[in-house]
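Hi,

Here is the structure I promised to pass on to you. Have a look at it first, then read my notes underneath.

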Amino acid sequence: MYRFFTVVLLSCSLLLPAYAAEKQEEIPADPWTFELSVQPKKNEAELEAERWTTLMSSETGNYLFEYDSIKPVEDAAGNKSKNERQVLMRTVFKDTKVLEQLNKNYAAKLETDEKVAYCDMLLVFDLRRQFYKTVQTQVYTNGGRLVDERNSQGAWKRVPGQSFADTLMKFLLNDNKYK
């Protein structure tokens with residue numbers, strides 16, 4: 001009888017630590033929700049800067065686009081176009097004459113010490129015909145405040161050679177995102 005109790009006690013003592021360890025370990029709700037990094041977390045400005053890819057630079061400004069915004073255009077029924085792509089484009093103005101004119105145009109909407117800094121445009125490209133149109137324009141201040149927004153159906157224009165539209169068209173034609 002003594003041996004029987006000893007065997008039972010030993011068995012329980014061997015299983016008890018495993019049971020206790022199992023109880024203490026909590027399984028996260030989603031096993032993929034962990035972060036492992038030696039780099040500090042990026043602030044909002046750094047994340048915004050990473051969002052944009054430089055396309056080209058000219059006297060007027062720096063032209064950037066958001067790669068994740070490139071999508072096939074959808075009609076009202078949700079059918080995706082094989083030839084038309086939309087892309088969000090940003091122009092950060094650097095030409096002083098252009099900036100002066102823009103600041104004059106938006107003077108009534110600018111607050112003290114604010115200046116027009118950049119413009120976002122939603123463009124649609126017809127890759128087969130090599131035309132494009134602007135369907136939305138947003139003008140922002142140096143503080144990132146929206147001062148003007150315009151939406152339209154846009155008018156198709158031929159893509160002019162050696163322009164930001166030409167450079168972006170060539171990129172879209174070579175991009176394999178939706179081929």
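Below is what turned up, starting with the strands and ending with the charged residues.

First, some ground rules. This is a predicted model, where local features need pLDDT of at least 70 and side-chain atom pairs count only at pLDDT 80 or more, while totals for chains, interfaces and linings use all residues. Residues are numbered from 1 along each chain as its sequence is written, and side-chain values use heavy atoms, with hydrogens and water left out.

Start with strand β4, residues 116–126 (strands are DSSP runs of E with at least two residues, helices are runs of H or I with at least four, and both are numbered from the N terminus). In β4, 10 of the 11 residues are buried (under 20% relative accessible area with a 1.4 Å probe, protein chains only; over 50% is exposed, and in between is partly exposed). Strands count as paired if DSSP finds at least two bridges between them. β4 runs antiparallel to β3 (residues 80–93), with nine bridges, and antiparallel to β5 (residues 131–141), with 10 bridges. Leucine 122 has glutamine 136 in β5 as its bridge partner. β4 and β5 make a hairpin with four residues between them, and glutamine 130 in that turn has a positive phi of about 60°.

Next, the core. The largest nonpolar core (buried Ala, Val, Leu, Ile, Met, Phe, Trp, Tyr and Cys residues joined through side-chain atoms within 4.5 Å) has 26 residues. Those with the most contacts inside it are Met89, Leu123, Phe125, Phe164 and Leu168. The elements that each give two or more residues to this core are β2, β3, α3, β4, β5 and α4.

Now the charges. There are eight salt bridges (a side-chain nitrogen of Lys or Arg within 4 Å of a carboxyl oxygen of Asp or Glu). One of them joins arginine 51 to glutamate 66, with the closest N and O atoms 2.7 Å apart. Arginine 51 sits in helix α2 and glutamate 66 in strand β2, 15 residues apart. Arginine 51 counts as partly exposed because its relative accessibility is 31%, whereas glutamate 66 counts as buried because its value is 15%.

Which residues are linked in a network of salt bridges? They are Lys109, Asp148 and Arg150. Within it, the closest N and O atoms of aspartate 148 and arginine 150 are 2.9 Å apart.

Have fun with it!
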